[in-house]
Amino acid sequence: MACRGMFFALTDEQEAALLATRDDAEVRAFVEEVEMGDWDGEPLDCETDKAWDAIHRCLSDGTLGSGRRLSPLDMAVLGGGHHHDGDDYIVAHLRAGEVAEVAAALEAVDENWMRQRYDRIDPTDYQGLLSDEDFGYTWGWFKQVRDFYRQAAAANRAVIFTVDQ
């Protein structure tokens, strides 16, 4: 399951628990608890398989750079605060207000715009094979991410994105 990305919309209680973590081990334990769904309330989550990589590149500057906060689109996958210091795991966190900004920005992304951005990805810096099939895979997962953000924003939830490297 390496490199499969996952989004989770956090309740206020979950976000407080994340912010209270003190080290990588506590962050991983927190994410495991969220993944298991041991919280009250309606769970909101969204899998991206490995498409998160191309989605982030399309929404940002074409690289896997993170945390720059250049725009709401740049923050959708790898932006926001990071809660894991090791290189083998990413936990990117957006607060509810940032989630609303990202959700609004994602509404303007259409397939043509996304394809133009996808076609600008440097193939030597991308682990996948850039192709019509890969773009279709990326676009399909992106639509689910956009729906997820719409729901998370409507519920006034913070969001984390997790992926192991």
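## Rings, cysteines and one well-connected glutamine

Let's start with a charge and a ring: Arg28 lies over the face of Tyr89, 4.1 Å from the ring centre. Keep in mind that you are looking at a predicted model. Aromatic side chains also meet each other here, with 7 aromatic pairs in the structure. Disulfides are another story, as the count for those is 0.

**Aromatic pairs**

- The structure has 7 aromatic pairs, and one of them joins Phe7 and Phe161.
- The ring centres of Phe7 and Phe161 sit 4.8 Å apart and the planes meet at 50 degrees, so this pair counts as tilted. The label fits because planes under 30 degrees apart would be stacked and those over 60 would be edge-to-face.
- Phe7 belongs to strand E1 (residues 5–10) and Phe161 to strand E5 (residues 158–164), so the pair ties together parts that are 154 residues apart in sequence.
- Are these two rings buried or exposed? Phe7 is buried, with a relative accessible area of 1%, and Phe161 is buried too, at 1%. Both get that label because the cut-off for buried is under 20%.
- Phe148 and Tyr149 make an edge-to-face pair, with 5.7 Å from centre to centre and 75 degrees between the planes. Both of these residues are buried as well.
- Put the pieces together and you get one aromatic cluster, formed by Phe7, Trp52, Phe148, Tyr149 and Phe161.

**Cysteines without partners**

- How many disulfides does the structure hold? The number is 0.
- Take Cys3: the nearest cysteine sulfur belongs to Cys46 and is 17 Å away, and Cys3 is in no disulfide. A disulfide needs two cysteine sulfur atoms within 2.5 Å.
- Cys3 is partly exposed, at 22% relative accessibility.
- Cys58 is in no disulfide either, and for Cys58 the nearest cysteine sulfur is again that of Cys46, 16 Å away. Cys58 is buried, with a relative accessibility of 0%.

**Gln165 and its contacts**

- Gln165 lies in the segment after E5, and with a relative accessible area of 46% it is partly exposed.
- Which residues does Gln165 touch, leaving aside its neighbours within four places in sequence? The answer is Cys3, Trp52, Asp87, Asp88, Tyr89 and Ile90.
- Some of those names should ring a bell: Trp52 is part of the aromatic cluster, and Tyr89 is the ring under Arg28.
- Gln165 and Arg4 are 161 residues apart in sequence, yet their C-alpha atoms are 8.6 Å apart in space.

Notes
Residues numbered from 1 in each chain as written. Predicted model: local features only at pLDDT ≥ 70, side-chain atom pairs only at ≥ 80, totals over all residues. Heavy atoms only, no water. Phe/Tyr/Trp six-rings, centres within 6.5 Å; stacked < 30°, edge-to-face > 60°. Helix = DSSP H or I, 4+ residues; strand = E, 2+ residues; numbered from the N terminus. Buried < 20%, exposed > 50% of the residue type's maximum accessible area, 1.4 Å probe, protein only. Lys NZ or Arg CZ within 6 Å of the ring centre and 35° of its normal. Contact = heavy atoms within 4.5 Å.
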